[in-house]
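Student: I've got this one open on my screen and I'd like to talk it through. Can you take my questions one by one?

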Amino acid sequence: MNSPLVPNYARVPLAFERGEGSWLVTRRGERFLDLGSGIAVNNLGHAHPHLVEALKAQAEKLWHVSNLFEIPEGERLAQRLVEKSFADQVMFCNSGAEANEAAIKMARRYHYLKGQPERYRILTFEGAFHGRTLGTIAAGGQAKYLEGFGPKAEGFDQVPFGDHEAMRAAVTPETAAIMIEPIQGEGGVRDVPHVCLRGLRELCDETGTLLIYDEVQTGFGRTGKLFAYEWAGAAPDIMAVAKALGGGFPLGAVLATQDAASGLTAGSHGTTFGGNPLAMAVGNAVLDVVEEPGFLDHVNRAGLILRQRLAELRDRFPDIIAEIRGSALMTGVRLNIPNADFVAATRAQNLLCIPAGDNVVRLYPPLTISEDNLQEATRRIEAACIALQDGMSQAARAGASA
Ligand SMILES: *Cc1c(COP(=O)(O)O)cnc(C)c1O
């Protein structure tokens with residue numbers, strides 16, 4: 001049958017009608033344990049009462065006014081983000097790619113206004129993912145996302161992942177910024193070592209280069225800190241966030257020091273929807289929950305439990321599980337079988353997880369997942385491993401008897 005939708009997604013034939021915390025429920029009433037969280041978006045689970053209430057209350061008052069006017073709830077959310085981070089100022093937008101675009105534009109304009117318009121090049125790591133706009137596919141540099149979309153946007157260079165010396169050598173008088181994910185998400189939950197992050201900070205300070213972190217996937221508690229950079233103690237000048245900030249409502253933001261943000265003077269950049277009252281109501285509600293005492297302790301404890309159980313499964317099923325990666329509930333499992341097979345086998349156990357690069361699957365439960373549901377998740381992963389192992393031994397027997 002011909003779908004009315006553009007064929008740019010290979011969708012799983014499953015449609016959910018509602019969500020309850022860590023569970024998604026299909027129209028036929030089948031329940032799936034959600035270890036994908038809408039790709040690190042539904043960090044507070046589905047239909048969180050505080051978020052539902054905030055969105056409903058705002059929906060009855062005011063949806064949108066445009067950035068021609070003041071939006072007090074946006075100022076409040078910006079102030080809260082400033083207090084919780086390295087940043088002095090915040091600009092809101094609607095998605096991760098848009099936040100990264102703004103970060104890139106901010107960095108270039110910064111040097112331009114300092115009388116160095118030639119400093120426009122951006123350095124990134126191989127395997128990066130920064131979004132799907134023309135600018136961010138150039139920043140990510142992955143051939144599969146660039147193919148067929150015309151000339152790659154000028155001014156982006158890549159060095160091998162985590163190669164500090166290559167990064168140092170690549171900084172030239174034309175470099176505006178180094179832009180990296182503290183832990184690569186799409187690239188396969190690969191963390192940049194903390195000493196490397198600190199080294200990049202020093203390199204940027206020495207050379208007057210701006211350091212941009214893309215925390216679109218790592219931000220808002222997934223790694224066990226509010227922001228992943230806190231683990232390394234190396235703050236950026238500019239940071240893009242999105243995904244979990246809106247908990248499912250489209251919302252992104254660029255956080256920056258006042259100096260770095262100074263390039264985006266009035267009229268130089270903008271967005272119609274960015275930071276509208278609906279989004280700001282939800283963003284403030286998300287922060288209410290994330291700021292509750294003990295929230296991050298729960299994330300770290302849950303991360304430890306998940307990691308221990310996965311390590312046991314790796315020891316039991318070494319032909320399937322190769323390596324456990326990541327931090328807290330930003331969990332990656334590198335596989336010795338195709339990751340698509342693992343995703344299918346877990347789905348057969350009514351558990352949802354997400355493939356990533358480097359033959360990894362991401363296990364990203366809502367950060368609010370209960371210990372019972374986490375144990376249930378690991379039982380389902382175990383059942384999937386047993387089914388995969390049975391399938392492999394049957395195939396081996398068939399091969400031997402053929
Ligand atoms: C998802 C993601 C993006 C892109 O975000 P969109 O909202 O899809 O535009 C950018 N960077 C990282 C690290 C991401 O995980």
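Student: Which domains is the protein divided into?

Tutor: Keep in mind that this is a predicted model. One domain is made of two stretches, 16–34 + 294–401, and the other covers 49–290. The names for these are domain 1 and domain 2.

Student: What distance separates the centres of domain 1 and domain 2?

Tutor: Take the centres over C-alpha atoms. Done that way, the value for domain 1 and domain 2 is 29 Å.

Student: And how much area is buried between domain 1 and domain 2?

Tutor: In terms of contacts, 21 residues of domain 1 meet 21 residues of domain 2. Carbon and sulfur atoms give 59% of the area buried between the two domains. The buried area itself is about 1600 Å².

Student: Which three residues supply more than any other three of the area that domain 1 buries against domain 2?

Tutor: Look on the domain 1 side, where one trio supplies 35% of the area buried against domain 2. No other three residues supply as much, and the trio is F295, L296 and M330.

Student: Which residues form the salt bridge across the interface of domain 1 and domain 2?

Tutor: The rule finds one salt bridge across that interface, along with 10 residue pairs in polar contact. In the bridge, the closest N and O atoms are 3.0 Å apart. The partners are R362 and E186.

Student: Which element gives the largest share of the side of domain 1 that touches domain 2?

Tutor: At least two residues each come from α12 (295–316), β13 (321–327), β14 (330–335) and β17 (360–363). The largest share is four residues, and the element that gives it is α12.

Student: Switching to helix α2, why are L51, A54 and Q58 on the same side?

Tutor: These three are the buried residues of α2, which spans residues 49–59. An α-helix has 3.6 residues a turn, so residues three or four places apart point the same way. Here L51, A54 and Q58 share a side of α2 because they cover an arc around the axis of only 65 degrees.

Student: What do the buried residues of α2 pack against?

Tutor: On the other side of α2, P49 and K56 are exposed. The buried residues, L51, A54 and Q58, pack against a helix that runs over 277–290, namely α11.

Student: Now some backbone angles. What is phi of N350?

Tutor: Most residues other than glycine have a negative phi. N350 sits in the loop between α13 (339–347) and β15 (351–352), and is partly exposed at 24% relative accessibility. Phi of N350 is positive, near 60 degrees.

Student: And what about phi of D358?

Tutor: D358 lies in the loop between β16 (354–356) and β17. With 39% relative accessibility, D358 counts as partly exposed. Phi is again positive in a residue other than glycine, with a value near 65 degrees.

Student: Last one: is L335 buried or exposed?

Tutor: L335 belongs to strand β14. Leaving aside neighbours within four places in sequence, the contacts of L335 are I320, I321, A322, F342, N359 and V361. The relative accessible area of L335 is 3%, and anything under 20% counts as buried. So the word for L335 is buried.

Conventions
Residues numbered from 1 in each chain as written. Predicted model: local features only at pLDDT ≥ 70, side-chain atom pairs only at ≥ 80, totals over all residues. Heavy atoms only, no water. Buried < 20%, exposed > 50% of the residue type's maximum accessible area, 1.4 Å probe, protein only. Arc of directions from axis to C-beta. Contact = heavy atoms within 4.5 Å. Domains from an automatic or database assignment. Buried area = accessible area lost by both parts, 1.4 Å probe. Salt bridge = Lys/Arg side-chain N within 4 Å of Asp/Glu carboxyl O. Polar contact = N/O pair within 3.5 Å; in protein donor to acceptor, adjacent residues only side chain to side chain.
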